Amino acid sequence: MINDASVLKQPTYYEEVERKGYSRRDFMKFVSMITAFMGLEKSAIGQVAKALETKPRIPVIWLHFQECTCCSESFIRSSHPIVADILLDKISLDYTETLMAASGTQAEEALKNTMTKYKGQYILCVEGSVPLAADGVYCMIGGKTSIQILEEAAEGAAAIIAWGSCASNGCVQSAKPNPTKATPIHKLVSGKPVIKVPGCPPIGEVMAGVIVHYLAFGKIPELDRLGRPKAFYSKRVHDSCYRRPFYDAGLFVETFDDENAKKGYCLYKVGCKGPSTYNACGVMKWNNGTSYPIQSGHPCIGCSEENYWDNGRMYERASAFPGFGIEANADTLGKIALGATAVAIAGHAIATNIGKHTTIHNLEEEGKESEHELNV
Amino acid sequence: MSKKLHIQKLRRVYVWELPVRMYHWLNVLVLIALVVTGFYMSNPLAILSKKEAVNSYTMGWFRYIHFAAAYLFFFNFLFRLYWGFTGNKYANWKQFIPISRRFLKEMWIVFKIDILMMKGKNGKSEHLSVGHNAMAGFIYFLTFIVFLIQCLTGFGLYAPMASWWFPKLFAWVPAVFGGDILTRVIHHWAMWFFILFAIVHVYLVFYHDYIEGRGEISSMGGGWKFIEDDVFEKNKHTTPNPESAK
Amino acid sequence: MSKRIVVDPITRIEGHLRVEADIENGKIKDAYSSGTMIRLLEEILKGRDPRDAWAFVGRVCGVCTSIHSLTSVRCVEDALDIVIPPNAELVRNIMFCTQYIHDHVVHFYHLHAMDWVDVVNALKADPKKTSELAQSISKWPKSSPGYFSDIQTRIKKFVESGQLGIFANGYWGHPAYKLPAEVNLIGLAHYLEALEWQKEIVKVHAIFGGKNPHPNYLVGGMACAISIDDVSGINAERLAYVGQLLKDGKEFIEQVYIPDLMAVASFYKEWASIGGGLGNYLVYGDLPTNGYRDLSHYKFPAGAILNKDVSKVYDVDLKKEEEVQEFVTHSWYEYKEGNDKGLHPWKGESKIKYTGPKPPFDHLDTSKEYSYLKTPRWKGNAMEVGPLARVLVGYARGREDFKAVVDKALKDLNVPITALFSTLGRTAARGLETILTAQWGLEFYDQLMTNIKNGDTRMAEMSKFDPATWPKTALGVGHTEAPRGALAHWINIEDQKIANYQLVVPTTWNASPRDNKGQMSAYEAALIDTPVANETQPLEILRTIHSFDPCMACSVH
Ligand code: HEM
Ligand code: HEM
Ligand code: NFV
Ligand code: SF4
Ligand code: SF4
Ligand code: F3S
Ligand SMILES: [Mg+2]
C-alpha cells in the first residue's frame, strides 16, 4: 500500500548505522566487509559506501498513450520546484519516451528493470488515454498495445497518477463519437489508488505539487469524490475569479473586443465555464503566475471537467443537451415544446367544445334552469 | 328544451385541507421565483451599464433569491411528503402512485374521456373522482420526481458554495454525473418540465371546472368541491375510485 | 544479406514512432517509418461548430502547441471571408515567433543533444578548460569554472547514486560520440539551463492566450482586448512584460543556443553528407506583414524546390485539387473509391482500417499497409518540410536576411552550401531560422506598440461571428509554417457545422509510408545509406530521425 511509501521512509544504511550509535569508521568497516562478501574488488568500496549513503530517489515510470504530450510540456514548465531539481534530486524518472536517452530495446529494458527492481514501490504516471476499440491496436508501442503495457506496469505500482484530462477523463479523443474508444485510466486498473490530475494540460506547478506532496508527506494527497487532489481541485475557477464582482453585479462582455471586454467584465455570456469547472487557475494562475485564460480575455472552456468537449457550443452559455445536434440547446427545444403545448391546448379546447358538446350543453342548461327557477 | 334535465344534488366536500392549499400556493410562488431567476442566471440580460461593479449586485440578487426560494421550495416539498401520510384521503400518497390495477384502470378511463374525447358509459362523461383523478395523481407523482431531481442537482451545485452542512449532504450528486457541467445541464432542462407542466395543469384545472362544474378552480382556494350525489356515494371508503374497479 | 532491425519506441520525440531498417555492410539499405497511435480527430470534428475547432485541433499537439489553433482559425476565417485587425495579426505573429524560439531550443537540448553529447563523458571534463572554452565562444555570463564544476559534481553524485533516471541505458561511450569532454560538459550544463529557461519565453503565450501549453485563439482575431487604461486588458505592464521576454529570448538564442550548435556541429562535419534524403522541399510560408492574404509579404516566403535545384522556386496553391493530395496505399485507412487514388483534403476521408499484425508482434509487414500516417504528395512528389525547407526557400528567393545567417554559418563551419542537404544541415537550419524569428518577434512587437500608440486598439473582427450571418456552405483552407514544417487545415462548412475537416501536417509529409508509386517519404529516404556502427545501439538512426524533430501526435491526429 501507498501509505508506507517504503522507498521514501526507508533510512539509508548509513543513517541506520549512525542512528544505532556507530561511528563513520564502523560504517566503513561494515562496507569493506560487505564488499568482500559480495565478491567485489577493493576499488569498489567507495562506490558501495556511496550507494549505502544515498537515499534512493523514488522511481517513477511515465507512460505515454493517446496524448498530445502537452502534459509533459506543462510539467517542464513548473517553476517551483523547477523540473531540473525534480529530476536530479527528487525522483528517478526511469522511463518517459519524451525525455529519456535510450530508445528501442534499451528503453524497454529500462522500463523492465524498474518494474522488477522496485516492484510495489514505483509511482506510475500515465499521460494519455487508452484506446480499447479493435483490441487496442490504435495505440501500440514496441509492438504491444497500450492496454497490455498499462496492465503490466500497473501491477507493481505503488500508486498511479493520471496526468491531464486524457488520462483522467479521456479528453478530446473521447469526444463523440469516440472512434477509438479512448478510455481513462481509472476505468482500467483496480486495487490501486489512482490520482486524477485533470486539465488540458494541468498547471505545471500543480503537477509538480502532486509529486512533491507525495515525497514531502510520504502519502498520496487527499482526494475528492472524483479522485482529484483536494489541494488543487476543491474550488471552481469561478470562486476565485477576479472578474467575479462583475458577474455578481450583472456586468458582462456581450461579444469579444467590445467596450465591456476592454473593461474586463465577466465572460459568462460568451460561454465561460468557470462556474462549473474545478481547477486552480484563478488562484495559482499559469506559467508561474503570469496569467490564466480568463485574464487573457478568453472564457474558461472547462478543460479540467469530464466531457467538456461535448457540452454544446463553446461560446454559448446555454446548455446543450448531450446527444442532440449542436443547435439543440435547452432553451430552443424548450421554446419548441412550449409552442407545441400551446397548440395542443388550443386544439384540445376546440375539440372539447365540439366533442363534449352534449355535456357542456347539459351543464349550461342545468345552470340556466337553476337561474331561471330563481328568477321565477 | 324538450329533454328533461337530470338535476343532480351536489354535496359540498372538504377536499384540500388548509396545509395542502398553503403548500400549493407557496409552491406556485417559489416556482415562479425559481424559474425567473433560473432564466436570468442561465442567460443574463444585456445591461450595458456604466455603473461600477461595486454599486450593483444584479446577479448576486438573482442568485440570492434563487437559493432562498430553493430552500423554501425544498422544505415545502418535504412538508407535502409528510402530509401524504398525515393528511386526509385526498392528500394521501396512495393518490399518486399507480400501485393497484384499479388505479391503472381509472387512468385509462380518464385518458379515454378527457384526452381522446371518447364517450363514457351511457354516452355521458364520467366524473369518477372527488379529489384529483388517477391520471392527475400520476402526473403529480412524476412532478414530485422532477422536484426531487431539481433539489438533488440544485443542492449538488450549491454544495461547494455552502457553509452549512445541509447542502453539503448533496456533494455526491455532481460526482455521479462526472462534474458540474452535466449536472447544470440537467438542472436547466428540468426547469422546462415545470414550465410545461404548469401551463397544461392550469389549462386542465379550467377545463375540469368548465366540463364538470364542480368548482375545481376555487377548490384550491377554499378547499371545497361540489360532488354529485351518486359519485359521492360510490366514493365512500374507497381509494381511488370504485367505479373503475368493475 | 541484410538484417532487419527495429527501433520502437523511438524516444526523445513527441509520440509513437517505429522505425524498421534493413542493414547491410554497416549501412542502412532500406527503411520503414511507422506511426502507431491514432485518435481520429478529423472524425470527431464532424458536425461541430467551426468556431470551436481551434480548441479541438489545438489538442492535436502540446509540443508544437498553438500552431494548429492558429491554422484552424485561419481556415475558418478563410471560409467565412473574415479579415482580422492588424493588431490581431501582430499578436499571432509574436506568439508564432515565441513558439519557434521555445520549440527549437527544447528540441536542440532536450530531444536532440544526447545524440551528439555524451553525458557520462562530461564527468571527465576539466571545469577550468570548459570555462575557457565557453567564454571563447560566447559572452553568456554563466561560464565560470565554479559554475561548471558545480554542475559536474551534481551530475557525478547523480550518476553514482546508481539511479540514472532519464540518462539510464543511453548509448554512452558509443564510438560515434566525437565531442571532447569539455564540450560535452557545456552541452550538459546547458541542457539543465535550457530546461529552466524554456519555461520563461512561453509566458508570452500566457499573456495573450491565457496559458501555455494550449493558449486560446479566436475566430476573428484574438480574445485579449487592448485596454491601456484597464488592469484586465493588454496594457503597458503586459506589453512591457512581452518585450522583456522577447529580448531575453533573443539573448539566449544568440548567446547559448547558436554558439553551442556551432561548437557541436564543428565536430560532426561528416554528418553534412549523411541523411540528405529527398532533395525536394516545400514551404507554405508565414509571418504576414501586410495581412495574411498577401503572400508576397511574408517573412517566411512560400515555395517548392525540386531535386536540390535552388535556382528555381515553384509557387504553391493549396486550393488546387491536383497540388496537395493524400494517399493511403500503405496506410491503415480505407478510401471509398479505392486506396490507390490520392484525395485533395477538401474531399479527404479518414476511415480507419487496421490490417497490421495482431499485437504483440515483432515485425510489421512493410510490403503492405504499415502506418497510421497518410502519405501527402505535392503534384505527385514526395517533399521534405521543415526548417531546412524554409531556410532553402528563403535563400533561393534571394532574401538578404536568410542569406546573411546562412552564409555566416557556412563560413564559420567552412563547408559548402551543399552541406545543408544533410542531417547536420537540417539541425543547423533549425538554429538559423531561430535567430531570424527571435529578431522578427521584436520587430512585430515594436509595430504593435506603434499601432496602439497611433490609437488602433482593435483586436477582433466580430461582425461575422454569429453563425446566422454565414453562407449555407463554405470552403476554407488555412496554412502556416509549424516549427516542423508546412501545415494546413481544410474545412467544409455546411449549415453552420463542420461537414469535413482535414489536417495535413508537417510530420505527415516527412514520416509517412510509401505512396502508390512506391516513393519513399523524407524519413525513409534520409535513412538510406546512414552508417550504423553497432546494430544493437542505433544511435545513428536517432541522429537522422531526430534532425527532423518528429511529432507523431501531429502526424496522425
Ligand atoms: C425547482 C425549480 C428550480 C428551477 C426551475 C431552477 C432553475 C434553474 C436554472 C434555469 C438555473 C440556471 C442553470 C443554467 O446555468 O443553465 C439554475 C441554477 C441553479 N440552481 Fe436552480 N432551479 C430550481 C431549483 C433549485 C433548487 C431546489 C436548488 C437548490 C439549492 C437550486 C440551485 C441552483 C444552483 C446552485 C444553481 C447554479 C447557480 C450558480 O451557480 O450561479 N435550484 N436553476
Ligand atoms: C392559477 C394557477 C393554479 C390553479 C388555479 C391551480 C389549481 C389547482 C387545483 C384545483 C388542484 C387540485 C387538482 C385536482 O383536483 O386534480 C391543484 C393541484 C396541484 N397543483 Fe395547481 N393550480 C395552479 C397553478 C399551479 C402551478 C403553477 C403549479 C406548479 C408548477 C401547481 C402545482 C400543483 C400540484 C403539484 C398539485 C397537486 C397538489 C397536491 O395534491 O398536493 N399548480 N392545483
Ligand atoms: N508535425 C508537427 Fe507539429 C509541428 N511543428 C504541427 O503542425 O508538432 Ni507537434
Ligand atoms: S490532457 Fe490535454 S494536454 Fe494532456 S495530453 Fe491530453 S490533450 Fe494534451
Ligand atoms: S469570467 Fe467566468 S469564472 Fe470569472 S466570474 Fe465570470 S463566469 Fe465566473
Ligand atoms: S479552460 Fe482550463 S486552464 Fe483553467 S480557466 Fe478553465 S480550467
Ligand atoms: Mg489528416
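**Entry 1: nickel atom of ligand 3**

I began with the spacing of the donor residues of the nickel atom of ligand 3, which in sequence reads C-x2-C-x486-C-x2-C. I was working in a predicted model. The protein donors I listed for this nickel atom are C:Cys61, C:Cys64, C:Cys551 and C:Cys554, each through SG. They lie 2.2 to 2.7 Å from the nickel.

I then looked up where two of these cysteines sit. C:Cys61 is in the loop between α2 (53-58) and α3 (67-80) of chain C, while C:Cys554 belongs to helix α16 (residues 552-556) of that chain. The two are 493 residues apart, and I noted the pair as a link between distant parts of the chain.

Next I asked whether they are buried or exposed. I took under 20% relative accessible area as the cut-off for buried. C:Cys61 has 1% relative accessibility, so I entered C:Cys61 as buried. C:Cys554 has a relative accessible area of 3%, and therefore C:Cys554 is buried.

I also checked the iron atom of ligand 3. I found 2.8 Å between the iron and the nickel of this ligand. C:Cys64 coordinates both metals.

**Entry 2: iron atom of ligand 2**

Which protein atoms bind the iron atom of ligand 2? I found NE2 of B:His24 and NE2 of B:His201, lying 1.9 to 2.0 Å from the iron. B:His24 is in helix α1 (residues 18-42) of chain B, and B:His201 is in helix α7 (residues 180-212). With their positions 177 residues apart, this pair too links distant parts of its chain. I recorded both histidines as buried.

For the geometry I looked at the 6 donor atoms of this iron, whose angles run from 86 to 179 degrees. I wrote the site down as octahedral.

**Entry 3: C:His479**

I located C:His479 in strand β10 (residues 473-482) of chain C. Its relative accessibility is 9%, so I counted C:His479 as buried. Leaving out residues up to four places away in sequence, I listed what C:His479 touches; among them are C:Tyr284, C:Tyr292 and C:Tyr298. The list also includes C:Arg74, C:Asp286, C:Leu318 and C:Leu487.

**Entry 4: chain A**

I closed with totals for chain A. I counted 16 helices and 9 strands in this chain. Of its 376 residues, 61% are buried. I considered contacts in chain A between residues at least 6 apart in sequence, and 71% of these join residues at least 24 apart. The accessible surface of chain A is about 14500 Å², and carbon and sulfur atoms account for 57% of that area.

Technical notes
Residues numbered from 1 in each chain as written. Chains lettered and ligands numbered in written order. Predicted model: local features only at pLDDT ≥ 70, side-chain atom pairs only at ≥ 80, totals over all residues. Heavy atoms only, no water. Donors = N, O, S within 2.8 Å, 3.2 Å for Na, K, Ca; no water. Tetrahedral: all angles 85-135°; square planar, octahedral: opposite > 155°, others 65-115°. Helix = DSSP H or I, 4+ residues; strand = E, 2+ residues; numbered from the N terminus. Buried < 20%, exposed > 50% of the residue type's maximum accessible area, 1.4 Å probe, protein only. Contact = heavy atoms within 4.5 Å. Areas by Shrake-Rupley, 256 points an atom, 1.4 Å probe, with all protein chains shown as cover.
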